[in-house]
Amino acid sequence: MFHEVFERLGARTVRCINYSCPSSFVALTAVMVFPAKDTGSVPQPPYNAAPCHPSSREIMQIYPEVDAFLLCPTPDSWVQAALQNLDILLIDHANNEKKAAGAAFQFMFQYNDKFDLLAKMSRLAREELRHFEQVIGIIKKRGIPMANISSARYAGSLRKLVRNHNPYRLTDALVVGAIVEARSCERFAALVPHLDADLSKFYASLLKSEARHFQDYLKLAYLYGDEADVDAKIEEIRLAERELIESPDEDFRFHSGVPAL
(Lines give C-alpha, C1' and ligand atoms only; values in the text may rest on other atoms or scores of the structure.)
Protein backbone atom coordinates (compact mmCIF):
# COMPACT_ATOMS: atom_id res chain seq x y z
CA MET A 1 0.00 0.00 0.00
CA PHE A 2 2.58 2.60 1.08
CA HIS A 3 4.98 1.28 -1.55
CA GLU A 4 2.39 2.25 -4.17
CA VAL A 5 1.93 5.66 -2.56
CA PHE A 6 5.68 6.18 -2.79
CA GLU A 7 5.67 5.31 -6.46
CA ARG A 8 2.87 7.78 -7.14
CA LEU A 9 4.29 10.58 -5.00
CA GLY A 10 8.00 10.05 -5.43
CA ALA A 11 8.94 12.09 -8.49
CA ARG A 12 6.47 14.89 -7.78
CA THR A 13 7.53 15.09 -4.14
CA VAL A 14 11.22 15.36 -4.97
CA ARG A 15 10.56 18.15 -7.43
CA CYS A 16 8.39 20.00 -4.93
CA ILE A 17 10.90 19.73 -2.12
CA ASN A 18 13.90 20.74 -4.19
CA TYR A 19 12.76 23.06 -6.91
CA SER A 20 9.09 24.04 -7.08
CA CYS A 21 8.28 25.16 -3.55
CA PRO A 22 5.49 27.75 -3.45
CA SER A 23 6.23 31.33 -2.53
CA SER A 24 4.81 30.80 0.96
CA PHE A 25 7.60 28.37 1.69
CA VAL A 26 10.20 30.87 0.49
CA ALA A 27 9.01 33.03 3.39
CA LEU A 28 9.32 30.00 5.63
CA THR A 29 12.94 29.18 4.87
CA ALA A 30 14.49 32.62 4.66
CA VAL A 31 14.18 35.62 6.95
CA MET A 32 14.83 38.76 4.95
CA VAL A 33 16.56 41.62 6.74
CA PHE A 34 16.65 45.00 5.00
CA PRO A 35 18.60 48.13 5.98
CA ALA A 36 16.68 50.85 7.73
CA LYS A 37 15.20 53.51 5.48
CA ASP A 38 12.81 56.40 5.75
CA THR A 39 9.30 54.97 5.58
CA GLY A 40 7.43 57.83 7.10
CA SER A 41 4.98 56.61 9.75
CA VAL A 42 5.24 52.93 8.78
CA PRO A 43 6.81 51.10 11.76
CA GLN A 44 9.74 48.77 11.07
CA PRO A 45 9.77 45.31 12.66
CA PRO A 46 12.63 44.52 15.03
CA TYR A 47 15.46 42.38 13.68
CA ASN A 48 14.46 39.31 15.69
CA ALA A 49 10.72 39.53 15.14
CA ALA A 50 9.12 36.28 14.12
CA PRO A 51 8.63 36.16 10.35
CA CYS A 52 5.20 35.78 8.82
CA HIS A 53 4.89 32.04 8.22
CA PRO A 54 2.23 29.85 6.72
CA SER A 55 0.40 27.62 9.17
CA SER A 56 1.74 24.21 10.13
CA ARG A 57 -0.93 22.56 7.96
CA GLU A 58 0.14 24.63 4.96
CA ILE A 59 3.76 23.66 5.62
CA MET A 60 2.89 19.95 5.79
CA GLN A 61 1.12 20.17 2.43
CA ILE A 62 4.59 20.65 0.96
CA TYR A 63 5.43 17.19 2.30
CA PRO A 64 2.30 15.19 1.36
CA GLU A 65 3.95 11.80 1.86
CA VAL A 66 4.82 12.68 5.47
CA ASP A 67 1.40 14.18 6.15
CA ALA A 68 -0.35 11.08 4.76
CA PHE A 69 1.81 8.70 6.76
CA LEU A 70 0.98 10.07 10.21
CA LEU A 71 -2.44 9.30 11.65
CA CYS A 72 -2.74 12.47 13.73
CA PRO A 73 -1.27 15.97 13.99
CA THR A 74 0.63 17.25 16.97
CA PRO A 75 -1.87 18.46 19.62
CA ASP A 76 -2.02 22.21 20.15
CA SER A 77 -1.44 21.64 23.86
CA TRP A 78 1.96 20.11 23.07
CA VAL A 79 2.92 23.19 21.02
CA GLN A 80 1.97 25.46 23.91
CA ALA A 81 3.99 23.32 26.33
CA ALA A 82 6.96 23.50 23.96
CA LEU A 83 6.83 27.31 23.90
CA GLN A 84 6.89 27.32 27.70
CA ASN A 85 9.74 24.80 27.92
CA LEU A 86 12.16 25.78 25.16
CA ASP A 87 15.14 24.78 27.27
CA ILE A 88 13.90 21.19 27.64
CA LEU A 89 12.83 21.15 23.99
CA LEU A 90 16.31 22.10 22.78
CA ILE A 91 18.18 19.78 25.14
CA ASP A 92 15.96 16.84 24.23
CA HIS A 93 16.28 17.74 20.56
CA ALA A 94 20.07 17.64 20.85
CA ASN A 95 19.86 14.24 22.56
CA ASN A 96 17.60 12.96 19.81
CA GLU A 97 20.04 14.02 17.11
CA LYS A 98 22.80 12.05 18.87
CA LYS A 99 20.53 9.02 19.15
CA ALA A 100 19.55 9.25 15.49
CA ALA A 101 23.20 9.30 14.44
CA GLY A 102 23.91 6.38 16.76
CA ALA A 103 21.02 4.38 15.30
CA ALA A 104 22.37 4.96 11.79
CA PHE A 105 25.81 3.72 12.85
CA GLN A 106 24.20 0.67 14.47
CA PHE A 107 22.46 -0.21 11.19
CA MET A 108 25.79 0.11 9.39
CA PHE A 109 27.62 -2.19 11.80
CA GLN A 110 24.88 -4.80 11.95
CA TYR A 111 24.14 -4.97 8.22
CA ASN A 112 27.46 -4.24 6.52
CA ASP A 113 26.55 -6.43 3.54
CA LYS A 114 23.69 -4.17 2.43
CA PHE A 115 25.17 -1.46 0.24
CA ASP A 116 22.05 0.65 -0.23
CA LEU A 117 21.58 0.77 3.53
CA LEU A 118 25.23 1.63 4.12
CA ALA A 119 25.09 4.56 1.69
CA LYS A 120 21.89 6.05 3.09
CA MET A 121 22.79 5.52 6.76
CA SER A 122 26.24 7.04 6.28
CA ARG A 123 24.74 10.24 4.90
CA LEU A 124 22.01 10.24 7.53
CA ALA A 125 24.53 9.88 10.38
CA ARG A 126 26.56 12.83 9.07
CA GLU A 127 23.48 15.01 8.80
CA GLU A 128 22.21 14.09 12.26
CA LEU A 129 25.59 14.90 13.82
CA ARG A 130 25.61 18.22 11.99
CA HIS A 131 22.15 18.96 13.37
CA PHE A 132 23.41 18.05 16.85
CA GLU A 133 26.24 20.55 16.48
CA GLN A 134 23.77 23.23 15.38
CA VAL A 135 21.40 22.58 18.29
CA ILE A 136 24.12 22.69 20.95
CA GLY A 137 25.34 25.91 19.34
CA ILE A 138 21.87 27.39 19.82
CA ILE A 139 21.75 26.13 23.41
CA LYS A 140 25.12 27.75 24.15
CA LYS A 141 24.20 31.02 22.44
CA ARG A 142 21.01 31.28 24.48
CA GLY A 143 22.78 30.59 27.75
CA ILE A 144 20.75 27.48 28.51
CA PRO A 145 22.56 25.23 31.01
CA MET A 146 22.92 21.67 29.79
CA ALA A 147 21.17 19.11 31.94
CA ASN A 148 20.67 15.38 31.95
CA ILE A 149 17.03 14.66 31.18
CA SER A 150 15.31 11.33 30.81
CA SER A 151 14.28 9.97 27.44
CA ALA A 152 10.70 10.21 26.25
CA ARG A 153 8.57 7.08 26.32
CA TYR A 154 8.08 7.47 22.55
CA ALA A 155 10.95 5.67 20.81
CA GLY A 156 11.27 2.95 23.44
CA SER A 157 7.58 2.12 23.13
CA LEU A 158 7.82 1.89 19.35
CA ARG A 159 10.92 -0.31 19.51
CA LYS A 160 8.97 -2.85 21.57
CA LEU A 161 7.06 -3.60 18.36
CA VAL A 162 10.23 -4.66 16.52
CA ARG A 163 10.46 -8.43 16.11
CA ASN A 164 13.70 -9.98 17.34
CA HIS A 165 14.58 -12.16 14.34
CA ASN A 166 15.63 -11.24 10.83
CA PRO A 167 14.65 -10.29 8.22
CA TYR A 168 11.81 -8.81 10.27
CA ARG A 169 14.07 -7.24 12.86
CA LEU A 170 15.68 -5.10 10.16
CA THR A 171 12.52 -4.09 8.35
CA ASP A 172 10.60 -3.38 11.56
CA ALA A 173 13.43 -1.18 12.84
CA LEU A 174 13.47 0.68 9.53
CA VAL A 175 9.72 1.31 9.79
CA VAL A 176 10.20 2.67 13.32
CA GLY A 177 12.95 4.93 11.99
CA ALA A 178 10.62 6.17 9.28
CA ILE A 179 7.82 7.11 11.64
CA VAL A 180 10.19 8.84 14.08
CA GLU A 181 11.57 10.96 11.23
CA ALA A 182 8.07 11.68 9.93
CA ARG A 183 6.91 12.85 13.37
CA SER A 184 10.04 14.96 13.79
CA CYS A 185 9.32 16.68 10.48
CA GLU A 186 5.71 17.28 11.50
CA ARG A 187 6.71 18.67 14.91
CA PHE A 188 9.19 21.09 13.37
CA ALA A 189 6.39 22.28 11.09
CA ALA A 190 4.06 22.64 14.09
CA LEU A 191 6.61 24.79 15.92
CA VAL A 192 7.85 27.03 13.09
CA PRO A 193 4.89 29.48 13.03
CA HIS A 194 5.20 30.15 16.78
CA LEU A 195 8.93 30.57 17.43
CA ASP A 196 11.19 33.60 17.37
CA ALA A 197 12.83 34.38 14.03
CA ASP A 198 16.17 32.66 14.64
CA LEU A 199 14.78 29.40 16.01
CA SER A 200 11.93 29.40 13.49
CA LYS A 201 14.39 29.73 10.62
CA PHE A 202 16.54 26.93 12.01
CA TYR A 203 13.66 24.49 12.46
CA ALA A 204 12.32 25.33 9.01
CA SER A 205 15.73 24.47 7.58
CA LEU A 206 15.47 20.94 9.04
CA LEU A 207 12.17 20.03 7.35
CA LYS A 208 13.67 18.93 4.05
CA SER A 209 16.24 16.58 5.58
CA GLU A 210 13.71 15.07 8.02
CA ALA A 211 11.32 14.34 5.15
CA ARG A 212 14.14 12.75 3.14
CA HIS A 213 15.22 10.62 6.13
CA PHE A 214 11.64 9.38 6.42
CA GLN A 215 11.64 8.45 2.74
CA ASP A 216 15.02 6.73 3.01
CA TYR A 217 13.97 4.57 5.95
CA LEU A 218 10.71 3.55 4.31
CA LYS A 219 12.31 2.79 0.94
CA LEU A 220 14.88 0.58 2.66
CA ALA A 221 12.13 -1.28 4.54
CA TYR A 222 10.44 -2.13 1.25
CA LEU A 223 13.76 -2.95 -0.38
CA TYR A 224 14.69 -5.56 2.23
CA GLY A 225 11.23 -6.79 3.25
CA ASP A 226 8.10 -8.36 1.84
CA GLU A 227 5.70 -5.63 0.77
CA ALA A 228 2.63 -7.12 2.47
CA ASP A 229 4.54 -7.70 5.70
CA VAL A 230 5.95 -4.17 5.69
CA ASP A 231 2.47 -2.75 5.04
CA ALA A 232 1.08 -4.68 8.00
CA LYS A 233 3.88 -3.56 10.31
CA ILE A 234 3.43 0.04 9.21
CA GLU A 235 -0.24 -0.10 10.18
CA GLU A 236 0.61 -1.59 13.58
CA ILE A 237 3.26 1.00 14.33
CA ARG A 238 1.19 3.93 13.05
CA LEU A 239 -1.64 3.01 15.41
CA ALA A 240 0.74 2.71 18.36
CA GLU A 241 2.36 6.02 17.44
CA ARG A 242 -0.97 7.81 17.35
CA GLU A 243 -1.76 6.51 20.83
CA LEU A 244 1.56 7.83 22.14
CA ILE A 245 0.98 11.27 20.59
CA GLU A 246 -2.64 11.67 21.68
CA SER A 247 -2.51 10.17 25.18
CA PRO A 248 -1.49 12.06 28.36
CA ASP A 249 2.23 12.18 29.11
CA GLU A 250 3.76 13.14 32.45
CA ASP A 251 7.05 14.42 31.00
CA PHE A 252 7.41 17.05 28.30
CA ARG A 253 9.84 15.99 25.59
CA PHE A 254 10.26 16.58 21.87
CA HIS A 255 8.24 13.43 21.09
CA SER A 256 5.98 13.42 24.15
CA GLY A 257 2.22 13.09 24.11
CA VAL A 258 -0.47 15.42 25.43
CA PRO A 259 0.88 17.26 28.49
CA ALA A 260 -0.71 15.80 31.60
CA LEU A 261 -2.63 18.35 33.68
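# Close-up views of a predicted helical protein model

**Overview. The protein has 11 helices and 2 strands.** The model shown here is a predicted one. Followed along the sequence, the elements come in the order α-α-α-α-α-α-α-α-α-α-α-β-β. Of the 261 residues in the protein, 45% are buried. When contacts between residues at least 6 apart in sequence are considered, 82% of them join residues at least 24 apart. The protein exposes a surface of about 13,300 Å², and carbon and sulfur atoms supply 55% of that area.

**View 1. Helix α6 packs against helix α9, with axes that come within 12 Å of each other.** As a general point for reading this view and a later one, two packed helices are described by the angle between their axes and the distance between the axes. Helix α6 covers residues 86–110 and helix α9 covers residues 168–191, and their axes cross at roughly 155 degrees. Because angles over 145 degrees count as roughly antiparallel, α6 and α9 are roughly antiparallel to each other. The crossing of these two helices is left-handed. On the α6 side, the residues that meet α9 are Leu89, His93, Phe107 and Gln110, while α9 contributes Arg169, Leu170, Ala173, Leu174, Phe188 and Leu191. Sorted by class, the residues of this contact are 7 nonpolar, 2 polar and 1 charged.

**View 2. Helix α7 packs against helix α10, with the two axes 11 Å apart.** Helix α10 is formed by residues 197–224, and α7 packs against α10 at an angle of about 160 degrees. With this angle, α7 is roughly antiparallel to α10, and the crossing of α7 with α10 is left-handed. The residues of the contact between α7 and α10 divide into 13 nonpolar, 4 polar and 10 charged.

**View 3. Leucine 129 belongs to helix α7, which covers residues 115–141.** Is this leucine 129 buried, partly exposed or exposed? Its relative accessible area is 34%, so leucine 129 is partly exposed, given that the partly exposed class lies between 20% and 50%. Leaving out residues up to four places away in sequence, leucine 129 touches Ala101 and Phe105. The C-alpha atom of leucine 129 is separated by 8.4 Å from the C-alpha atom of alanine 100, although these two residues are 29 residues apart along the chain.

**View 4. Phenylalanine 132 is another residue found in helix α7.** Phenylalanine 132 has a relative accessibility of 18% and therefore counts as buried, since buried means under 20%. Apart from neighbours within four places in sequence, phenylalanine 132 is in contact with Ala94, Glu97 and Lys98. One of these partners, lysine 98, lies 34 residues away from phenylalanine 132 along the chain, and the C-alpha atoms of the two residues are separated by 6.4 Å.

**View 5. Aspartate 87 has its place in helix α6.** With a relative accessibility of 36%, aspartate 87 counts as partly exposed. Which distance separates aspartate 87 from isoleucine 139 in space, C-alpha to C-alpha? The two residues are 7.8 Å apart when taken C-alpha to C-alpha, while in sequence they are 52 residues apart.

**View 6. Proline 167 lies in the loop between α8 and α9.** Helix α8 covers residues 153–159, and proline 167 comes in the loop that leads from α8 to α9. Most peptide bonds are trans. The peptide bond from asparagine 166 to proline 167, however, is cis, with omega near 10 degrees. Proline 167 has a relative accessible area of 43% and is therefore partly exposed. Its C-alpha atom is separated by 7.6 Å from the C-alpha atom of tyrosine 224, and proline 167 and tyrosine 224 are 57 residues apart along the chain.

Key:
Residues are numbered from 1 along each chain as its sequence is written. This is a predicted model: local features need pLDDT of at least 70, side-chain atom pairs count only at pLDDT 80 or more; totals for chains, interfaces and linings use all residues. Side-chain values use heavy atoms; hydrogens and water are left out. Helices (H or I, at least four residues) and strands (E, at least two) are DSSP runs, numbered from the N terminus. Buried means under 20% relative accessible area, exposed over 50%, partly exposed in between (1.4 Å probe, protein chains only). Contact means heavy atoms within 4.5 Å. Accessible areas come from the Shrake-Rupley method with a 1.4 Å probe; for residues, only the protein chains shown count as cover. Axes are lines fitted to C-alpha atoms, for helices over the stretch in contact, and angles run from 0 to 180 degrees between N-to-C directions. Angles under 35 degrees count as roughly parallel, over 145 as roughly antiparallel, 65 to 115 as roughly perpendicular and the rest as oblique. A crossing is left-handed if the near helix is turned anticlockwise from the far one by less than a right angle, and right-handed if clockwise. Ala, Val, Leu, Ile, Met, Phe, Trp, Tyr, Cys and Pro count as nonpolar, Asp, Glu, Lys and Arg as charged, and the others, Gly among them, as polar.
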